[in-house]
Amino acid sequence: MAKQMLLDATMGKSTKTAPWLPYAGVNCAFLINEKADTYFRSPKLMAKGVVEGARRYHADGIPLSFDLSLEAESVGCELTYWEDNVPSVTSHPCKDQTPEELCLKMPSKTSGRWPVMFQAAKTAKPQLDEMDCAMVGLVTGPLTLASHLAGTKIFTALIKNKEYAHSVIKYAGQVIAVATKFYIEMGCDIIALVDPVASQIRPGTFREFVTPYCKEAIDIIHDAKRVSSFFICGDCTKVAEEVCLIGTHGFAVDEQMNMNFIRDLARR
């Protein structure tokens, strides 16, 4: 395990070997024989699972949690919990109204499951440090969080109702900035914005609706002297250049991507 090697690689520096960062989430519950619905609501179990994941996989870094419903729940979305998967968002408060019309507030340390996250981090961080393993905070990206807030309506609104789309995604950007501060306070060494659905849009749409609403969170990470990353899922070929330009130290893509293409684009 070598935390510094992972930090260096994420910032584009050469390393002797490739660092290993498993994006483990529900799997950490499986490793300690716990159901996911119990795991994600228990700081004790989360800390135990994360540390066991790092130990079992000889990881150079590991997420404190991989659950993209966390921010949504903390601002009023309802969830369904599952025994063998991450929670899923089942209500969309902004489906018919903007965040301003609903007077939605920012999350606090006592909102939703943020108390669970803070306590899990407090327990896990010293153990991960002792193992020389980075603790990674995964923040839901603005477009993905907007899809939780507004449902699938947000995707047509990107074209047909831009004023409404900007309102929802701007609010999402403010929420993830707050979440970013939380992860910094928890002691995360790397904070990554995770926006899986952003691979489904056009480059121009990405520039208009994703890039600007990531900026505040990225600036917060860099001002705190932490390492930043951006994680996008699926075939992101058409927006890969936008991902390179978003402003983070590094980024992560799915396995179906052509790594020679990604390497050359990132270097350029």
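In this predicted model, Thr 10 is found in helix α1, which covers residues 3–10. Thr 10 counts as buried, because its relative accessibility is 15% and the cut-off for buried is under 20%. Leaving aside residues up to four places away in sequence, Thr 10 touches Ile 190, Val 227, Ser 228, Ser 229, His 249 and Gly 250.

Arg 113 is another buried residue worth a look, with a relative accessibility of just 5%. Its place is in the loop between α6 (99–102) and α7 (114–130). As for what surrounds Arg 113, the contact list holds Phe 40, Arg 41, Asp 67, Ser 69, Leu 70, Glu 73, Leu 79, Tyr 81 and Pro 87, again not counting residues up to four places away in sequence. Charged residues turn up in that list, among them Asp 67 and Glu 73.

Then there are the nonpolar cores. The largest one has 83 residues, and those with the most contacts inside it are Tyr 183, Met 186 and Phe 206. Helix α10 (residues 162–186) supplies the largest share of this core, 15 residues. Apart from this core lies another, of 14 residues, including Leu 6, Leu 7, Leu 21 and Ile 190. Ile 190 has come up already, as one of the residues that Thr 10 touches. In soluble globular proteins, nonpolar side chains tend to be buried together.

Met 186 can be followed a little further. Beyond residues up to four places away in sequence, Met 186 touches Leu 64, Trp 114, Met 117, Phe 118, Ala 121, Lys 125 and Met 135. Of these partners, Trp 114, Met 117, Phe 118, Ala 121 and Lys 125 carry numbers that fall within α7 (114–130).

Backbone angles bring up two more residues. Most residues other than glycine have a negative phi. His 58 is not a glycine, yet has a positive phi of about 50°. His 58 sits in the loop between α4 (43–57) and β1 (61–63). At 58% relative accessibility, His 58 counts as exposed, since the cut-off for exposed is over 50%. Lys 225 is not a glycine either, and has a positive phi of about 60°. The loop that holds Lys 225 runs between α12 (211–223) and β6 (227–231). Lys 225 is exposed too, with a relative accessible area of 73%.

Notes:
Residues numbered from 1 in each chain as written. Predicted model: local features only at pLDDT ≥ 70, side-chain atom pairs only at ≥ 80, totals over all residues. Heavy atoms only, no water. Helix = DSSP H or I, 4+ residues; strand = E, 2+ residues; numbered from the N terminus. Buried < 20%, exposed > 50% of the residue type's maximum accessible area, 1.4 Å probe, protein only. Contact = heavy atoms within 4.5 Å. Core = buried A, V, L, I, M, F, W, Y, C linked by side-chain atoms within 4.5 Å.
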